[in-house]
Amino acid sequence: NNPSSIRDVFIMFNAKTGIQSGTVEGGNQVMVVTARVSGMSYAGSTLVQKITTNTAGYSLPGFTNTVLYVDAINSDATGTVTHASIRIETGSLCPTPSPTNVPTP
């Protein structure tokens with residue numbers, strides 16, 4: 001929950017296995033969903049992004065300089081998709097290079 005936003009953001013992985021094997025939309029993808037902030041009652045939600053894997057990152061709606069990366073969609077030895085490896089980074093969207101020493105004459 002972002003206190004300055006009027007929406008909550010949810011990140012989920014929709015593996016097409018077991019009870020979810022018949023999933024049609026977003027199967028084996030990471031999905032980003034937003035919902036109105038409404039406390040403890042029901043709130044409608046909106047699917048805003050489906051991500052398989054990416055290197056550029058996805059800027060989370062309502063969060064300044066917050067990026068979601070889907071590093072991998074992982075499978076077990078039988079090839080069944082089991083989980084997604086993700087990371088969320090905050091800060092500058094452009095990495096700052098490490099400082100270098102000033103050359104000595």
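Tutor: Let's begin with a term: a residue is buried under 20% relative accessible area, exposed over 50%, and partly exposed in between. Keep in mind that this is a predicted model. Asp71 has 41% relative accessibility, so Asp71 counts as partly exposed.

Student: Thanks, that helps. Which residue does Asp71 meet in a salt bridge?

Tutor: The partner is Arg87, and the N to O distance between the two side chains is 3.0 Å. Asp71 belongs to strand E5 and Arg87 to strand E6, so this pair ties together parts that are 16 residues apart in sequence. Arg87 is itself partly exposed, because its relative accessible area is 35%.

Student: What other side chain meets Arg87 in a salt bridge?

Tutor: Glu89 does, with 2.5 Å from N to O. Glu89, at 36% relative accessibility, is partly exposed as well. Through shared partners, the salt bridges join Asp71, Arg87 and Glu89 into one network.

Student: Over which ring does the charged end of Arg87 sit?

Tutor: That ring belongs to Tyr69, and the charged end of Arg87 is 4.2 Å from its centre. Aromatic pairs are a separate matter: the count for this structure is 0.

Student: How many salt bridges does the structure hold?

Tutor: There are 3. One of them joins Glu25 to Lys50, where the closest N and O atoms are 3.4 Å apart. Glu25 sits in the loop between strand E1 (7-13) and E2, whereas Lys50 is in strand E3 (residues 45-51), so the pair ties together parts that are 25 residues apart in sequence. Lys50 has 35% relative accessibility, so Lys50 is partly exposed.

Student: Let's turn to the strands. What order do they take in the open sheet?

Tutor: The general idea is that strands of a sheet pair through backbone hydrogen bonds, either parallel or antiparallel. Here the open sheet has 3 strands in the order E4-E5-E6, and the pairing is antiparallel. Strand E4 (58-59) and strand E6 (81-90) are the edge strands, each pairing on one side only.

Student: How many bridges join E5 to E6?

Tutor: Strand E5 (residues 66-75) is joined to E6 by 9 bridges. You can follow the register in the model: Ser75 has Val81 as its bridge partner, Asn74 is partnered by His83, and Val70 by Ile86. On the other side, E4 and E5 are antiparallel over 2 bridges, and Ser59 stands opposite Val67 in E5.

Student: Which residues take a positive phi in the hairpins?

Tutor: Look at the residues between the strands. In the hairpin of E4 and E5, with 6 residues between the strands, Gly62 has a positive phi near 85°. In the hairpin of E5 and E6, with 5 residues between the strands, Gly79 has a positive phi near 95°.

Student: What makes up the largest nonpolar core?

Tutor: As a general idea, nonpolar side chains tend to be buried together in soluble globular proteins. The largest nonpolar core in this model has 9 residues: Val9, Val30, Val32, Ile51, Tyr58, Leu60, Leu68, Val70 and Ala84. Strand E2 (30-36) and E5 are the elements that give two or more residues to this core.

Student: Tyr58 caught my eye in that list. With which residues is Tyr58 in contact, leaving aside its neighbours within four places in sequence?

Tutor: The contacts of Tyr58 beyond those neighbours are Val32, Val48, Gln49, Ile51, Thr66, Val67 and Leu68. Among them, Val32, Ile51 and Leu68 are also members of the core.

Student: And Arg36: where does Arg36 lie?

Tutor: Arg36 lies in strand E2. Its relative accessible area is 44%, so Arg36 is partly exposed. Arg36 and Arg7 are 29 residues apart along the chain, while their C-alpha atoms are separated by 4.5 Å. Leaving aside its neighbours within four places in sequence, Arg36 is in contact with Ile6, Arg7, Ala43 and Gly44.

Technical notes
Residues are numbered from 1 along each chain as its sequence is written. This is a predicted model: local features need pLDDT of at least 70, side-chain atom pairs count only at pLDDT 80 or more; totals for chains, interfaces and linings use all residues. Side-chain values use heavy atoms; hydrogens and water are left out. Two strands pair if DSSP finds at least two bridges between them. Helices (H or I, at least four residues) and strands (E, at least two) are DSSP runs, numbered from the N terminus. A nonpolar core is a set of buried Ala, Val, Leu, Ile, Met, Phe, Trp, Tyr and Cys residues joined through side-chain atoms within 4.5 Å. Buried means under 20% relative accessible area, exposed over 50%, partly exposed in between (1.4 Å probe, protein chains only). Contact means heavy atoms within 4.5 Å. Rings of Phe, Tyr and Trp (its six-membered ring) pair if their centres lie within 6.5 Å; planes under 30 degrees apart count as stacked, over 60 as edge-to-face and the rest as tilted. A charge sits over a ring if NZ of Lys or CZ of Arg is within 6 Å of the ring centre and within 35 degrees of the ring normal. A salt bridge is a side-chain nitrogen of Lys or Arg within 4 Å of a carboxyl oxygen of Asp or Glu.
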